[in-house]
Each structure stands twice: as C-alpha cells, then as structure tokens.
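Take a look at the protein shown below. This report walks through its domains, its ligand and a few unusual spots in its backbone.

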Amino acid sequence: MIAPTEDAGRAVADGAATGTGAFTPAPYRVVERRVETDGVVSVALVPDSGEPVAWRPGQFNMLTVFGVGEVAISMSGVPGEGRLWHTVRDVGAVSHALCGTGVGDVVGVRGAYGTAWGVEELDGVDVVVVAGGIGLAPLRGAISLLARRPSGRGRLCVALGARSPDQVIFAEDLEIWRELGAEVELTVDAAAPGWTGSVGLVTAVLPQLSFDAGRAVALVCGPEIMMRIVARALVDRGVAADAIRVSLERNMQCGVGLCGHCQLGPLLICRDGPVRAYGEIAHLLGERER
Ligand SMILES: Cc1cc2nc3c(=O)[nH]c(=O)nc-3n(C[C@H](O)[C@H](O)[C@H](O)COP(=O)(O)OP(=O)(O)OC[C@H]3O[C@@H](n4cnc5c(N)ncnc54)[C@H](O)[C@@H]3O)c2cc1C
Ligand code: FES
C-alpha cells in the first residue's frame, strides 16, 4: 500500500514556517487575479516579507480577509512558482470577500497545513486522477508534477466532471496535460449548444481510461458523494481501496489540531488530512465494507 504522506503534528510545525506562530496570519499581497468561471476566482499571493511558505500539492492554507473571516483554501498552483495560487468558489461571506480582492490587496496567510497527495512517491506508477468541479483546484499542482515525472514512466489518466461546459476550470491546463501525454476525459452534467463531449457523471468516463487497475494509485477530489461513488467504481475496476486517496473537507477553525471543529471519527482533518486513503476512512463516511 502506498499511503498519503503525512506526519502527525506537521500542521503546527509547518504553520510556524510563516514565521508568525500558529495563529497569526502573515500578510500576503494579491499580485494577480484570474476569473476562472462565473463565481470562481484564482488569486496569486506573495508575502510582504520573505519567501512564500513551502508546500506540497494537497495541502491548504488558512486565508484571512481582514474584518470578514478566515477559511481553509487549498493551494492550486505548482510548487516552486514563487507565488501561492488559491482558487476560490464564491459560496459565502469569506469566499465572496476573497473572490472580490484585487491586485494590491492584502490577505492573511497561515500554513501550509495538512497532508499531501504524495506525488513524490508515484514516479513510474499508473495514476488516475478524478476531480469534480472545484475539486480540480487541489489536484492541479499534483497533475502538473505527474505529467512531468522524471522517468517519464507510468500512465497519467485524468477524469474531470463539471456542471456545464462554462464551469470547467483551468481549461488551458487540460490541453497542456494532453500535450505532455496525459489521457484527459471531460464530462459535464448538462451540455450546452456546441458541446460535443461526454454528458453524465464522471464515473461514466472512467471505463475509457487505460490504466493498470491492479497497480494504479487514484487521487480523487470533489463533493463527498462524488468521491464515494468514484471510489466504489474504482474498487469495482480493481483498484485497491488503500490506493485510492481522497481529500476530505470539514469545517476548519484553528487549522492546527486544537479546536476539534474538523473532527471525523478519530481524525482531525486539519492535522490528519485532508488527504487520506479511502480504505482507511470509508467507514467514517458511512460506507459499508464491500
Ligand atoms: C481542507 C480544505 C480545503 C478547501 N479548499 C478550498 C478551495 O480550494 N477552494 C474553495 O473555494 N473552497 C475550499 N474549501 C472550502 C472553504 O474552506 C469554505 O468552506 C468555503 O469557502 C465557504 O466558506 P464561506 O465562509 O465563504 O461560506 P460559509 O458562510 O461557511 O457558507 C455559506 C454557504 O455555502 C455552503 N458551502 C460551504 N462550503 C461550500 C462549498 N465548498 N461548496 C458549496 N457550498 C458550500 C454552506 O453550507 C453555506 O450554506 C476547503 C475546505 C477545506 C476544509
Ligand atoms: S480545525 Fe481545529 S482541530 Fe482541526
């Protein structure tokens, strides 16, 4: 079994990497803003002083809009870019304020927190990535690294689901990943005039992907119900439950394992997640053993 990379307590340790202590956000400035789709915005942040915090794909930061509040948002860039990209869906007060920030605005950052997808261990391994909607954001960095693996060995298959063609985020990246040799399948819940691609749940395109299920690792992120359906489909295809990594979202407050708001059974998702092996957490999501 290849488990997600982690070590308990790293949340607090990494939080200290901002140089500000566990709870004090460091000031970062918005240096670029991109509207991905209606209601989804990406912002690039650089620290007012020092280097951006080191991070690995799958991890998240706590972002503060001063005077509004703080939310957990995954990194959506590629490590080493020198700036932190976050992609936010406008669903409530804090996400709305984040989407409304402009170049030059200051937001607070503390992190990096949580577990990573563990792409460093996947050179030469067949990897199937399945994302729904904004679930592609925490996977973007992982896919970008996997598409450029040093050995060039191991298939990379990507299945993406979106509500409609105009809700597809990072559309230009899909082409780049294809050019680098990845198999990328996209499906939408509802077609629009001119759409000639697949329509239906993301599970419908899984059979089109050519990976060796018995030896593959899967990275899955999206709404919880989608991750459960995808995980069941992958297990039915022959992927080991422990080789399926999912990203769990729970309400976050402290982000460093102290307040208990993000508890899922024995896990604190800020400290022990968000990335976990499906085989390990399926029962916590109410899944029966199959
Ligand atoms: C580890 C982790 C990583 C995350 N990464 C991202 C990310 O990369 N991008 C991102 O946009 N969000 C991400 N989230 C969700 C984010 O932390 C907030 O929950 C979300 O932005 C809503 O916060 P809010 O204060 O704006 O809205 P709230 O006031 O908390 O919620 C407003 C309403 O929206 C609903 N709602 C809350 N979250 C969502 C959601 N995700 N989709 C649809 N409806 C929702 C609530 O049920 C409520 O009805 C992540 C969460 C976790 C735990
Ligand atoms: S958010 Fe406080 S313990 Fe996880």
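How many residue pairs are in polar contact across the interface of domain 1 and domain 2? The rule finds 4 such pairs, with both residues at pLDDT 80 or more. Keep in mind that this is a predicted model.

## Two domains

The domain assignment splits the protein in two. Domain 1 covers residues 10–113. Domain 2 covers residues 119–285. Their contact takes 28 residues from domain 1 and 25 residues from domain 2. The centres of the two domains, taken over C-alpha atoms, are 22 Å apart.

## The interface

Between them, domain 1 and domain 2 bury about 2100 Å². Carbon and sulfur atoms account for 63% of that area. What about salt bridges? The rule finds 0 across this interface, whereas it finds 4 residue pairs in polar contact.

Look now at the side of domain 1 that touches domain 2. One helix, α1 (10–15), gives two or more residues to it. So do the strands β1 (26–37), β2 (40–47), β3 (60–65), β4 (69–74), β5 (84–89) and β6 (106–113). Sorted by class, this side has 14 nonpolar residues, 7 polar residues and 7 charged residues.

## Around ligand 1

Which residues come nearest to ligand 1? There are 17 residues around the ligand, and Ala72, Ser74, Thr87, Arg89 and Ser95 come nearest.

Some atom pairs can be picked out. A nitrogen atom of ligand 1 lies 3.1 Å from an N or O atom in the side chain of Ser74. Arg89 takes part through its backbone: one of its polar backbone atoms is 2.8 Å from an oxygen atom of the ligand. Glu249 uses its side chain, where an N or O atom is 3.4 Å from a nitrogen atom of ligand 1.

Ser74 and Arg89 fall within the range of domain 1, and Glu249 falls within the range of domain 2.

## Backbone oddities

Where does the chain hold a cis peptide bond? One joins Gly111 and Ala112, with omega about -5°. Ala112 sits in strand β6, an element that also gives two or more residues to the side of domain 1 touching domain 2.

Another cis bond runs from Gly273 to Pro274, with omega near 10°. Pro274 is in the loop between α6 (269–272) and β15 (275–277).

Phe170 stands out by its phi angle. Its phi is near 55°, a positive value in a residue other than glycine. Find Phe170 in the loop between β8 (156–162) and α4 (171–179).

How values were computed
Residues numbered from 1 in each chain as written. Chains lettered and ligands numbered in written order. Predicted model: local features only at pLDDT ≥ 70, side-chain atom pairs only at ≥ 80, totals over all residues. Heavy atoms only, no water. Domains from an automatic or database assignment. Contact = heavy atoms within 4.5 Å. Buried area = accessible area lost by both parts, 1.4 Å probe. Salt bridge = Lys/Arg side-chain N within 4 Å of Asp/Glu carboxyl O. Polar contact = N/O pair within 3.5 Å; in protein donor to acceptor, adjacent residues only side chain to side chain. Helix = DSSP H or I, 4+ residues; strand = E, 2+ residues; numbered from the N terminus. Nonpolar A, V, L, I, M, F, W, Y, C, P; charged D, E, K, R; others polar. Near = heavy atom within 4 Å.
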